[in-house]
Amino acid sequence: QQPKSGYISVEVLTDTIEAARKPSVAAIDGLALGGGLEVAMVCHARISTPTAQLGLPELQLGLIPGFGGTQRLPRLVGLAKSLEMMLTSKPVKGEEALGLGLVDAVVSSHELVNAARQWALDILARRKPWVATLYKTDKIEPLGEARQILNFARAQTRKRAPNLKHPLVCIDVIEEGIVNGPKPALYKEVEAFQGLLKSDTSKSLIHIFFAQRGTSKVPGITDRGLVPRKVKKVAILGGGLMGSGIATALLLSNYTVILKEVNEKFLEAGIGRVKANLGSRVKKGQMTREKFEKTMSLLRGVLDFESFRDVDMVIEAVIENVSLKQQIFADLEKYCPPHCILASNTSTIDLNLIGKRTKSQDRIIGAHFFSPAHIMPLLEIVRTEHTSPQIIVDLLDVGKKIKKTPIIVGNCTGFAVNRMFFPYTQAGLFLVERGTDVYRIDRAITKFGMPMGPFRLADLVGFGVAIATGSQFIENFPERTYKSMLIPIMQEDKRTGESTRKGFYLYDNKRKASPDPELKMYIEKARSISGVAVDPKFVKLSEKDIVEMIFFPVVNEACRVFAEGIAVKASDIDIAAVMGMGFPPYRGGLMFWADSLGSKYIYSRLEEWSNLYGGFFKPCAFLAERAAKGAP
């Protein structure tokens, strides 16, 4: 006979363990996240080590705690803190947990089990309180105040995550326990959990959870038993925005870093940027002054290659200029030891071209960081047909140590992220020239869940970069790029985006963006160059159509990236989109989202548009073949 829903939560945990006449004490070391913490809260006391982590991160998977967490956590730490812990999924460590009342004592890990045993005996002898967490009320605010706190949390949640239902469900279930008592609320919790388990959001977030953990598994590379070699000292060439960001990321994970620049002035500026990056951590209280000094002492600035003789890895982050990079790699081969990994942070240039003048093609690899490099979580590791598996395994290990999610990609224009997203801005330009409002497009795309629309993004990146990368794609994929003169016309007029306070938007001194009425003039000029007329259909384009016309070309290019073997697996493309471009994780990443709409639907829309508007929308062979089979 099927036990009714709520069997574990109510009959086992609550009515058997918590209500038992024998006391139980949870001894916590390592991770008590989700179910682990829920079981610990059922016990009559909790003892942890200082490094233990306690939390309820279920919302990250589109779920809510399902074993009583929504009821017991508020009763141990109060409503406000428990809401924060559940809604942000952030865990707390031993000492903080003690201060909150989540644990009753903190001891070292070798004393843990003995201390917990003694505590259980003390409860039995009534030397320590015997507490059933579910019925504890001293931490819960009076009803009126509790309602205010819950309503505030609801308002914040709606503002922060307007597309998500499950955080609101979590708040409702917590409220149920406060209004109607914890026991009925346990059943409501189970019921809500079961419902969410079937939701698209949960399926998407669970997919992302496993996809993220799967990026570092690469057939033929990581399954050969290769052990990553020790990388202790890393040299970085170029102290610009990227170089200094990469240096910061390495320093934060205790690597010794050498920063090389071409002259004193640039070197000083580069070291200054690293200082500022770390300094902002001190300001935010994420780092002590002492740790700051210690971290800075791992950095050394140089102007020549003398100190490169014992480095284990070099990352080149100079401007995108082929002959300059070729010269640098020829020099590196002369000065660096033969075991040294030679990496480039190029975002557009072919690695084979970069290593053309060397005999070291087997140790040349791409390490493409995203800006700002010490904050963005993705690292694209670019392999050529010459890169040795050992070098890939080494870089994967460094990526993991500096807390990046690495994805391994093949060598092509734009690699995975920049290549599949080049149609993102171009599709936006296509719509604007036909009469869709710039600001409506950005609004529709942010409403869909992107951090910013294509035009706000172009402003942020700057038009110089946008034109440089755009021309790479025009050169390499001429048949499927949409050529608009809008950005070059604006750049000619000294508008280059956020840095000049004028791009598609106007910016005040706090970097707040507002629409610019003058934009119309530039758009009309670009239209006349393209020879395109305003089409009433595009003026009134629905939000759904805006999202599809911007993202389907992106999906189409991602299909090419997949079919050409540039990406190892479809789930890597999902992670690339989420972590490299901010695609909403609750939609499961680009390919996962596309599959929810179906290959047939996406193919038929692209086919229809390409017949009307040309090659930019033409579905690729892979997509056509999948649609014909009705396959994902």
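This tour moves through a predicted model, one selection at a time.

**The annotated span.** Select residues 233-411. An unreviewed UniProt entry places the feature "domain: 3-hydroxyacyl-CoA dehydrogenase NAD binding" here. The span is 40% helix and 22% strand, and the C-alpha atoms at its ends lie 26 Å apart.

**The main core.** Next, select Phe308, Val314, Leu332, Tyr424, Phe504 and Phe551, the residues with the most contacts inside the largest nonpolar core, which has 96 residues. Add helix H25 (residues 543-563), which contributes eleven residues, the most to this core. Colour domain 2 (233-415) and domain 3 (417-565 + 598-629) separately: both give residues to the core, so it lies between them.

Now centre on phenylalanine 308. Leaving aside residues up to four places away in sequence, its contacts include Ala235, Leu237, Ile258 and Lys260, as well as Val314, Leu332 and Tyr335. Another core, of 39 residues, lies apart from the main one; Val234, Met242, Tyr255 and Leu278 are among its members.

**Salt bridges.** The count of salt bridges comes to 33. Three pairs and a network are visited here.

Select arginine 154 and glutamate 175, whose closest N and O atoms are 2.5 Å apart. Arginine 154 lies in helix H7 (residues 143-160) and glutamate 175 in helix H8 (residues 166-180), so this salt bridge ties together parts 21 residues apart in sequence. Arginine 154 is buried, with a relative accessible area of 10%; glutamate 175 also counts as buried, at 15%.

Go to aspartate 394 and arginine 229, a salt bridge with its closest N and O atoms 2.6 Å apart. Because aspartate 394 sits in helix H16 (residues 389-401) and arginine 229 in the loop between H10 and strand S7 (233-237), the pair ties together parts 165 residues apart in sequence. Aspartate 394 is buried at 0% relative accessibility, while arginine 229 is partly exposed at 32%.

Then select helix H13 (residues 289-296), where arginine 289 and glutamate 293 are four residues apart and so separated by about one helical turn. They form a salt bridge with closest N and O atoms 3.7 Å apart. Arginine 289 is exposed, at 51% relative accessible area, and glutamate 293 is partly exposed, at 45%.

For the network, select Arg419, Glu479, Arg480, Glu557, Arg560 and Glu564, which are joined by salt bridges that share partners.

**Last stop.** Select threonine 201 in helix H10 (residues 200-214). Threonine 201 counts as buried because its relative accessibility is 18%, under the 20% cut-off. Beyond residues up to four places away in sequence, threonine 201 touches Gly62, Leu164, His166 and Tyr586.

Technical notes:
Residues are numbered from 1 along each chain as its sequence is written. This is a predicted model: local features need pLDDT of at least 70, side-chain atom pairs count only at pLDDT 80 or more; totals for chains, interfaces and linings use all residues. Side-chain values use heavy atoms; hydrogens and water are left out. UniProt positions are given in the numbering used here, feature names are shortened, and annotations may be inferred rather than shown by experiment. Helices (H or I, at least four residues) and strands (E, at least two) are DSSP runs, numbered from the N terminus. Buried means under 20% relative accessible area, exposed over 50%, partly exposed in between (1.4 Å probe, protein chains only). Contact means heavy atoms within 4.5 Å. A nonpolar core is a set of buried Ala, Val, Leu, Ile, Met, Phe, Trp, Tyr and Cys residues joined through side-chain atoms within 4.5 Å. Domain bounds come from an automatic or database domain assignment. A salt bridge is a side-chain nitrogen of Lys or Arg within 4 Å of a carboxyl oxygen of Asp or Glu.
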